Every structure is written in structure tokens, then in C-alpha cells.
Amino acid sequence: MQWNYYVVFLVEQEIEAQDRFAIESDLDFARKFVLNKNALAGWLQRFYEVGTTSDSQIIDKGLAEIWGEKLGEHGLDFLVERSLPVNLGVERIISGDFPGTSDKNNNNEWVEDHEVYFGAIQELKTIKYREYPKSDVPFGFGKVNLINGANGHGKTSLLEAIEYFYTGDNFRNEEAVSKKDYEIQVRLEGETDYRVSKSDLAIFDERDRVWYNGAKGRSGTALALNFNRFNFYNTDASFRLTLNKNELDVENAFRDLALGEEINQLKTHIKAYQEELRQGFEWKGQLCLEYQKEIDEAADTLNQLSRSRDDFSILFAELTDLLSKSSINIPSYNPELPNLEEIRHNLKEFNANLNHLLKEVDWLPEVTLRTVREEYKALNAIYGTAKKLNVELEEMRENVGRVEKDKRLALQKNSLLKILSSLMKEGVTATDPNYKIYLELSDKKKHSFASYADMKKHYESRYAKLQFTIPQYIDQLQFRLRELRHAQSVARISTSWARERLSEAQTIVSTISDYGFEYLNIVPGVCICPLCKTGFESFEKLKGGIELDLKLLNERGNFVDTLKEEQKINNELHDSSYDFDRIQSLEFRAIQWKGSKKIDLQSDTIEHIIRVIFDRIKKKLDQSESSIEETNRIIDWGNKRKLQLEQLEKVRRQLDDYVPAEITGSAEEVNDTILALENEVRNFNEELGKHTTAIDALSLQHYNLLKEFTPIESRRQGRHLEQPILKRIDCLNHYAENFINYQYMVYDPDRRVQDVLEETEHLYEFVDQLCYDLTLKERSASLSQQAMETIDDRNGQLKRLRPEIKRLEDALDAIDSLHEHYSEADYFNNFLLANKEQIKAIFLTIHAPKEFTDILISGGKIQLLKTNGEISDLFTISTGQRSALALAVFLTLNSKVKKGPQLIIFDDPLAFTDDLNILSFLDYLREIISGSSGGKQLFFATANENLAFLFNKKFDVFKDAYKNIVLKR
């Protein structure tokens, strides 16, 4: 009952929506529906062939076709041809070379009807195709076909072989080179011969026009794109609906499903045109501006040439008169033969120097030739004095440094001599008899305790935890030594034998490597080794010996283990011998204390004996040390004397670098030297005081001399006092060379530089204009010719550019008009409104349980009305509900195909759909395939075993018309 039968619960009145949902969501044993008596008749007579249409062609024009038509009104329909590169299309627009619409639509290639109208596919053979699927016999198909198999076994490839046969292309396979070599053969219903896949674009173009109302006359075809929109639904669509994470992405996924991929490719293509056209428009517009500027400049040149003066003698007379009235004297000016270029150059250079002088000599209240000269002399005098003071200051500072160095040396020698004097008074010397006694006692004490500590550490680490008596442990060690010596002898024999056999085996290997294994081909019955020439009693013993040698060679690890075992025995024997010697020593020490009741070699353990012996030794050492008070006093005194001797040695080494050895020979000589050094230090202090006073006086004099030229901040820091005055001197020195002594211009030294500058600038403007007029006169003929040629050339360029710019602008306006009046959003909204009822009917049929009652369309957005009155958008519903709605859109599109292939192809369409929607969807498919107006052929591929099982249960009623194709590698 669960697969093909239903349970209907009849109720007298409507029940709560949540109760209905709970009942119809239960899948145990059978599908369940809750109906009242009035709805029962309609439910029994339900038809899944909802939204039926007439047999006429009803596929509306796609947005790509509409865009192509609208662009064709402007002669731009070639913009939708993706086979034409964008740069070539833009060149066509710029040139105005538009192909006529009649030329494109006048396709003289005749396409036979049998190339357009097909029956159902009965068999398919992959002659030249991909690696999978593989089959030795043709794939046989019925009206309903389940293609079942694990991922990677060729399910999608088999479906795309059908697609390739119909369209000559694969939408999802970008390997265009390999697709050219494909060959698919198909036998259709009612035919006996196989048809071979085509590569004729004219055939594909006609199929697209007849099947999907596609535009005719394109250079290329959108057949594969439309086939995937109307006939081929694969898992990509469902995957996009689950992958997208925001509302806009979900809406775009539904839009792409409804409108097809062609519009996305076309949008990208048109956008590339827009960018290329806009760049060309802006570039050519900029060229126009530049050419117009060149024309205007050439016209100005012609105007100036027409206004040029014919008599330049008047201008020269004006210049001579102007110079005669000026206070500026130009020695190089000759009224009879004036060198205007030289005068203009000198005036320009002179004016530049005057401008810089006024900007940089800003500290002078009035700038004239005389004030600049006087300031230059005064600053040089001040700087000379400051420089002399700096020399004196440096000499004094060097003297101070020298005196301070001598003072530090004297103080250091004095300090060392005082230490030496103090040690000599105390009689510190290494020959003191008491110090020798101290050294002997310290050495004895040190070795006694060191020996005790080492012995105690050794015994406690090795024997302190042994619970044997000494005789017991000695017996045990003797027995162990006998065993180890015997094992050592055996190991040495084994090692020697292994070395000998290994040497023989290595000789065999060496010979074999030289002569090859054939050298061992011994003759049966011969008992002499072919390698070492050794005789054996029988052939079997000879063969066994060779095999044993080779086995030993292959088991070199055994020889290494033998060596390791011998080394281990040797080490253990050494350790046991050492322990035996030490325990005998311990026995000797214990016998020394035999008189004590605490020690019994026959009963006490080694641990107890060690503790008692070393407690007594430590006690004896402590008692011996504490009983000799004199020794302790000598040791304390010796430690102090040792430090004093080290200090004495250090002082003498340091004094060797400063004073002669005889000065430190006696205490009297040392004290005399100390007094002399103290007197020397006092003299150094007096000299330093005099130098410091002199330095302060010179520094103050230097500061007062330069402070008026130095900023306040630099004065506080006491540095860079000379930099400001040096900067002024350098500045004035520059103008002294380039301005004050300027030989080309002479003027009154007491006149203000600003007044001189105004006069020379006026002179420069007059001379510059005169030079320009003369140049124009000399070049008037060539300049006029050049200007007229520029005007003619640039006008010709503008005449060519302006129509090109107009064509670019018209093309951009046409594209903008597409986006404004025929936008993708408007087309999608109209599509939804036109097909709303059919999409709703299919969706409400295949979606279970009955959670929604209506689909709302507004502004290109899809919303679902729930039974409780709530409204949900695409982003808030589940992925399974989105998949059901997507399938409803696809099935609506498929129902419009009347003259095209009567088939529906699904490639794992339910991967993201819940179980209840799967059952409802399979029910719907079964109804439309078996319906009176059905006649469609179904191809359904899945890798889901459960889904394949459900599909079998739902469609096995078709008997022989149902094919279950299981793909294997």
C-alpha cells in the first residue's frame, strides 16, 4: 500500500490545519489524505496535466530574442552573437558597416523535416564518446527510464549523450575541442536505421526556431541552452537553491532557472560591449577636444601674423627712447646694431637675481646696492672675530683635558700606594710561617672530607639497599663470576666461528659478482667446491655447505647479535668483579669495628653495616675537628691572610705600570711617594680653576657676539650659534658675485632694489615682445603655412571622428534602452504572472503535506501563502520546499514544448528534497507520463538507492515500457 495506494480519511467538517498536517505527514503503511465529502469527488477526478495548452506553439520569445530584435531595429542585432569577438563588433559599429537584416534572415539552407521532428528514443550507441558509460550493446530505452548507479559510473554522461544528439553540444561540459569528435547514434521510434549526431549549425538553428521559438539567422545557436531550460533538469539547480546564503542569491537562482542560462551569458556579453563602447566613446571624444584646441591655436597664430607690424624701426626707436629715460644703464646696448636676444637674456637673469635677493635678504630694513655691500663686510668681520674666539676656546679645552687626565692618573697611583702602605704595616707576606701551617691544615681537612664523601656516595648508591650479609653477598658474587667467565668463553668461540663463516660467505659473494651465478653450477657426483677447492665426503655435503654459507650471509644480523651478546657478557663480568673488590673492602672496614656490638658480619645486612661504619667515621672526623681549636683559629686567620695576599699581588701588578719597583720597596719610600702625589693633585686643581675661568669668559664673549643672529631656541641649547650668520654670509656672497658686480647692468647703489626691479621688468616685457614680433616676421610664411595645414588636417579628422562618436553614442543609448524598457526583472515578473496558475497548480500537487494555498507574485518576487494566512519568501522556506517550487517552474516550461522533443530528463533532481515531497513528485510524474495527453518520454538518473527503490515501486506498472538501466564500471 505504501507505494501505489492511498488512504483517504473522510470528515464531516474541516479539521484544524495542524491536525491535517500531522496526519498527511505520516508515511507509515500508506499515503494519507484528509477530505470532506464535497472534496472527495474532485480528488478522485484529479488531473495532474494542469495548465494544459493547445497544440499550437506557445513558447514566448525569450529575453535574448527580444533583445536581439530591439537591437536589430538599430542595426545592432549582431551584438547578441557571442561568436563575434567584442572588439570586432565595436569596430563594425565605429565603421558603420552593419549587415542588413534581410541578409541575415535570408537563410537559403533547406532543413528537412525529419531533422527537426523526432519520435521517442529506442536505442542509443556511443561510438566516439567519453570513457564512461561503457556498454557492449546499445542502451535500450522505454517510455520511462531509470538510470541507476554509483557516482562516477557515467549516469550524467549518458544523459548528456542524449543532449548532444539533439543539440550538438553539452551545456555543462566546456571541453569544446573533444566534443567535436563525439559520435552518438540513436534509433528512434518507428525507424529501423540509426541516426548519427549532426554538426550542422543550420540544422541546430532550425531546431531552436521550431522547438523553442528561437531567433533565426544568428552566427551560432542557443539550442543547447534552451534544451537545458525546457527539457533537461539536473542537480545543479537544486544545489544552487541550497548553497545560496542570502535572499538575493536565492531569487537569482530561481530567475536563472526560469529564464535560462542564455540570458546570463548574453548579459555578460552586452556588458563587455558597453565597456568597450564607452572607452571608445570617451577616447574619441577626448581626441575631438584635442583637435579642436589645435585648430584654435593655429587660428590665433594666423590672427597674430596678420596683425604684425611692417616697420620695426619705430619699435627700435621706442626702445632707445625708453633706455635713455631709464636709470638703468645697459653697457652692451648699441642703437645702430642692437643684440635683442642678449639684452633679453641679461634682463631675465638680472630680474631673477633681484627677486631672489628681496626674498632671502629679509632681515635688512631697506635693500639697496650700498646696504647689501655694507652688510656683507660687517658680517664677514663678525664671523672672523667669532672664528678666532673658537680657536682660543678649543686650545683651552684641550689644556683642560690634558690636566684632568694627569690628575686622574695621580689620584689612581695615590690610591694604590695607600692600599700598599696599609698591607705593609700589617706585615702581609707569603713567607709567613703561620700561613704555611694554614695551607697544610686546609689541605688535610679538604682531602679527609672529600675521601669520606666519595666513599659514602659509592657504597650508598650500589649496596645501601642490599638485604644480604657480607658473607652471603660474597658467595653470590663468586658464583656469578664463575658463570660469567664460562659464558664469556662460549661467546668468544661463537664469535670467532661466525667471523670465519662470514668471511667465507663474503668470498663467495665476491666471486659470484665477478663470474655470475653460473659459476656455482656444480656437476652432480663431483665432491669438490668450485670456489675454495675443498673436498667433501659426498655431493650432498658439498651442496649443504654452500647453502649454509649463503644462509649465513643472508643472516648477518645474527652475527651482529652474537657480537652484542659477547660485549654484554664482558660488561657484566667487569661490573661483578668491581663489586667483589668493593665488598671485600667493606668487609675489611667492618672487621676494624668488630669489637662493636652493633656489627655482626654473619647476621647484619650490608645496608646496616654501611650505615654503622659511616656514622662512626663521620663522628670521628667531627670530634677530631672540634677538638683542635687552635687549628680552627689558624684556618680563620689563614683565610683572611689569603685574601690580603691576593689584594697585595693585584696592587703590585697595577703599580708596575705607574712607578718604579724601588719606590714600593719599603714603607718609608711608599709614604714619601704618596705625599708627593697629593701635592701634585693640588697643583692640578689650581691649574684647572684658572683654565675654567678663562673658558667661561671667552664663551660669554663668543655668545654675546653671535646671539643677535641666533634664534632663541638655539641660544638656550647652546649650539649652532654660528650657522645663522654663516647662512647670511653665503647668501650675500652669492649676490655679491651675481648681482652687485653684475657687468651687464649698472644702476644707482642708493636706489631701492624694489624700484629697480619694477623698471627692469617693464624693460624685459618690451624687449621680449619686440623679439617675438621679429621672430614672427622672419617665420611668418612658414608659420602661416603650418597653421593652415594644421587647421585642414584637424578639420578632416573631426569630420571623420564625429560620425564615429555619434554611432558609438547611439549604440550605448540602444543598450541603455534595453536595460530600461526590457529589463530582466520586468521580463521575469511578466513570466511569473503569465504562468502563475500553472506553477501554483503543479507546486501544490507535488508539495506535501498541504502547507501552502497560493503563490503570490509582486515585483519579480515569489512568496508563498500558508494555510494559516502567513506569508513566506523564498529565503525562509526550507530547501526541500524550494526544490519543489523549482521543479514546478521547470515542469511548467516543459509543458509548453509542443513541437520540440517530447521528453523530460532529470539528473538526480531530488538530492535536496524531503521524503514526502519525493513521493508526491513521483506520483505527479507517473500521472503526466500515463495521462491521456502525456506521450512524453522520461529519463530519470539517481545514485540514491532508496530513491531508485521508490522509483521502481512507482513505475513498474508500465511493465515493458519501463527500463531500469544499472551502470557499472
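Which residue of strand 7 does Gln185 stand opposite? I would like to start from that small detail and work outwards, and I should say at once that what we have in front of us is a predicted model. The answer is Val196, which lies in strand 7 and stands opposite Gln185.

Let us look at the sheet to which this pair belongs. Four strands come together in an open sheet, and if you walk across the sheet you meet them in the order 4-3-6-7, with antiparallel pairing. At the edges you find strand 4, which covers residues 139-140, and strand 7, which covers residues 195-196, and each of these two pairs on one side only. Strand 6, made of residues 183-188, is joined to strand 7 by two bridges, and the two strands run antiparallel. Besides the pair I began with, we can point to Val186, whose bridge partner in strand 7 is Arg195. Between strand 6 and strand 7 the chain makes a hairpin with six residues between the strands, and in this hairpin Gly190 takes a positive phi near 85°.

If we now turn to strand 3, residues 121-128, we find that six bridges join it to strand 6, again with the strands running antiparallel. One pair to look for here is Thr126 and Ile184, where Ile184 is the bridge partner in strand 6. As a general point to keep in mind while you look at any such sheet, the side chains in a regular strand alternate between the two faces of the sheet.

There is another sheet further along the chain. Here three strands form an open sheet in the order 9-10-11, and the pairing is antiparallel. Its edge strands are strand 9, residues 852-858, and strand 11, residues 871-873, each of which pairs on one side only. From one strand to the next, the twist in this sheet averages 30°. Strand 9 and strand 10, the latter being residues 861-866, run antiparallel and are joined by six bridges. Among the residue pairs, Leu856 stands opposite Gln863 in strand 10, while Ile857 has Ile862 as its bridge partner in that strand. The hairpin of strand 9 and strand 10 has two residues between the strands, and within this hairpin Gly859 takes a positive phi near 60°.

Now for the helices. Two packed helices are described by the angle between their axes and the distance between the axes. Take helix 11, residues 247-259, and helix 27, residues 879-895: their axes come within 9 Å and cross at roughly 20°. An angle under 35 degrees counts as roughly parallel, and therefore helix 11 is roughly parallel to helix 27. The crossing in which helix 11 passes helix 27 is right-handed.

How, by contrast, do helix 6 and helix 9 pack? Helix 6, residues 155-167, packs with helix 9 at an angle of about 130°, and their axes are 10 Å apart. That angle makes helix 6 oblique to helix 9, and this crossing is right-handed.

Helix 9 also leads us to my last topic, the empty space inside. The structure holds three cavities of 30 Å³ or more, and the largest cavity contains about 130 Å³ of space. Its lining has 17 residues, of which Gly62, Asn226, Arg229, Leu259 and Glu262 are the closest to the centre. The elements that give two or more residues to this lining are helix 3 (63-72), helix 9 (223-230) and helix 12 (262-306).

Which helix gives the most to the lining of the largest cavity? It is helix 9, with four residues. Sorted by class, the lining of the largest cavity has nine nonpolar, three polar and five charged residues.

Note on methods: Residues are numbered from 1 along each chain as its sequence is written. This is a predicted model: local features need pLDDT of at least 70, side-chain atom pairs count only at pLDDT 80 or more; totals for chains, interfaces and linings use all residues. Side-chain values use heavy atoms; hydrogens and water are left out. Two strands pair if DSSP finds at least two bridges between them. Axes are lines fitted to C-alpha atoms, for helices over the stretch in contact, and angles run from 0 to 180 degrees between N-to-C directions. On a 1 Å grid over the protein atoms alone, a cavity is a set of points where a 1.4 Å probe fits but cannot get out, and a pocket is an open set with protein on both sides within 12 Å along at least five of seven lines; lining residues have an atom within 4 Å of a point. Grid points are joined across faces, edges and corners, and a volume is the space filled by probe spheres set on the points. Ala, Val, Leu, Ile, Met, Phe, Trp, Tyr, Cys and Pro count as nonpolar, Asp, Glu, Lys and Arg as charged, and the others, Gly among them, as polar. Angles under 35 degrees count as roughly parallel, over 145 as roughly antiparallel, 65 to 115 as roughly perpendicular and the rest as oblique. A crossing is left-handed if the near helix is turned anticlockwise from the far one by less than a right angle, and right-handed if clockwise.
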